[in-house]
Amino acid sequence: MMGSLSICSMVLLALLSSVECLPSGVGGKYRGYKVLSFLPDSGEHVSWLWSMRSNMSHVVCDTDWWNEPSKPGVAVSVSIAPECLDIIDDEVKKTGMEYEVIFTDLEKLIEEEEKYRTLVLLHKGAEDWTPGIYHNLKEIEERVDWLVATYAHLVSKQHLATTQEGRKIEALVVKEAASFSKPAIWLDCGIHAREWVSPPACLHAVDKLIENSNSVDPRDNLLSLYDFYILPVTNPDGYVYSWE
């Protein structure tokens with residue numbers, strides 16, 4: 001069963017990795033929101049998309065740009081509220097630009113991810129870390145505490161600050177004891193609240209540093225050459241808010 005779950009996970013994460021900036025929606029719901037992919041084939045089309053992006057921010061039309069217009073031939077994906085679809089469809093037809101609907105209901109996609117996450121959590125062990133799903137702040141903090149307790153000879157925590165809402169901002173210090181001073185490398189993740197794929201990237205870096213710490217080849221064991229300071233969630237208040 002876990003093999004099929006892993007396949008599902010990769011598909012869902014691939015689809016949702018772009019959903020770092022969801023539109024505001026109504027009460028956090030995105031029922032009827034569609035994601036359109038526009039394909040500009042000229043500089044005029046690119047300019048029109050930039051104009052659309054600017055103008056939509058001044059009207060009551062909930063759109064969110066998953067990537068910015070760049071050049072002809074590069075698709076631009078935009079999530080659009082249901083009440084704006086007819087307006088945008090009419091305007092796009094005037095330009096002659098092609099577009100397709102890649103997601104017909106954003107809320108259904110979110111619900112599928114939530115159901116999959118629940119299923120995975122039901123089947124995991126108490127100390128298991130599952131990279132195939134997104135994790136809330138509590139789960140990330142539990143993982144951090146587990147790493148510090150399990151690998152105390154390599155990993156420790158350093159308190160940096162307390163947020164406006166009273167949450168701790170803590171970095172992981174990953175280093176091997178040495179008789180000389182090593183250069184330090186700083187990594188931070190979770191700056192933008194809705195970039196859920198970011199904190200797991202930092203935690204994955206910690207896992208790989210620990211995994212390779214026993215290697216005799218310094219090209220594999222980076223801890224023999226550097227000390228690492230890794231901040232998994234830079235913006236915990238925003239991260240929690242994005243989950244509510």
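**Exercise 1. Classify K157 by its accessibility and identify its salt-bridge partner in this predicted model.**

Step 1. The relative accessible area of K157 is 36%. Buried residues lie under 20% and exposed residues over 50%, so K157 is partly exposed.

Step 2. K157 forms a salt bridge with E170, and their closest N and O atoms are 3.4 Å apart.

Step 3. K157 belongs to strand β5 (residues 155–162) and E170 to strand β6 (residues 168–174), so the salt bridge ties together parts that are 13 residues apart in sequence.

Step 4. With a relative accessible area of 26%, E170 is likewise partly exposed.

**Exercise 2. Determine how the strands β5 and β6 pair, and place them in their sheet.**

Step 1. The pairing of β5 with β6 is antiparallel and extends over seven bridges. Within it, Q158 stands opposite A171 in β6.

Step 2. The sheet is open and consists of four strands in the order β5-β6-β8-β7, with mixed pairing.

Step 3. β5 and β7 are the edge strands, each pairing on one side only.

Step 4. On average, neighbouring strands of this sheet are turned by 20° against each other, direction ignored.

**Exercise 3. State which helices pack on this sheet and at what angles they run.**

Step 1. Helix α5 lies across β5 and β6, and runs at about 140° to β5.

Step 2. Helix α6 packs on the sheet and touches β5, β6, β7 and β8. The direction of α6 makes about 155° with that of β8.

**Exercise 4. Compare the settings of two further salt bridges, K182 with D227 and K208 with E211.**

Step 1. The structure holds 14 salt bridges, among them these two pairs.

Step 2. In the pair of K182 and D227, the closest N and O atoms are 3.1 Å apart. K182 lies in the loop between β6 and β7 and D227 in strand β8 (residues 227–231), so that distant parts of the chain, 45 residues apart, are linked.

Step 3. K182 has 10% relative accessibility and counts as buried. D227, at 10%, also counts as buried.

Step 4. In the pair of K208 and E211, the closest N and O atoms are 3.3 Å apart. Because K208 and E211 are three residues apart in helix α6, about one helical turn separates them.

Step 5. K208 is partly exposed at 33% relative accessible area, whereas E211 is exposed at 52%.

**Exercise 5. Locate the disulfide and describe its geometry.**

Step 1. The structure holds one disulfide. It joins C189 to C202, with an S to S distance of 2.1 Å.

Step 2. C189 is in the loop between β7 (184–188) and α6 (198–211), while C202 is in helix α6. The two cysteines are 13 residues apart, and the pair links distant parts of the chain.

Step 3. The angle about the S-S bond is 85°, and the link of C189 and C202 is right-handed.

Step 4. Both C189 and C202 are buried.

**Exercise 6. Explain why helix α7 is described as largely enclosed.**

Step 1. Helix α7 (residues 236–243) has eight residues, six of which are buried, so the rest of the structure largely encloses it.

Step 2. The buried residues are P236, D237, G238, Y239, V240 and S242.

Step 3. These buried residues of α7 pack against α5 (137–150), β6 and α6.

Definitions and conventions: Residues are numbered from 1 along each chain as its sequence is written. This is a predicted model: local features need pLDDT of at least 70, side-chain atom pairs count only at pLDDT 80 or more; totals for chains, interfaces and linings use all residues. Side-chain values use heavy atoms; hydrogens and water are left out. A disulfide is a pair of cysteine sulfur atoms within 2.5 Å. Buried means under 20% relative accessible area, exposed over 50%, partly exposed in between (1.4 Å probe, protein chains only). A salt bridge is a side-chain nitrogen of Lys or Arg within 4 Å of a carboxyl oxygen of Asp or Glu. Contact means heavy atoms within 4.5 Å. Two strands pair if DSSP finds at least two bridges between them. Axes are lines fitted to C-alpha atoms, for helices over the stretch in contact, and angles run from 0 to 180 degrees between N-to-C directions.
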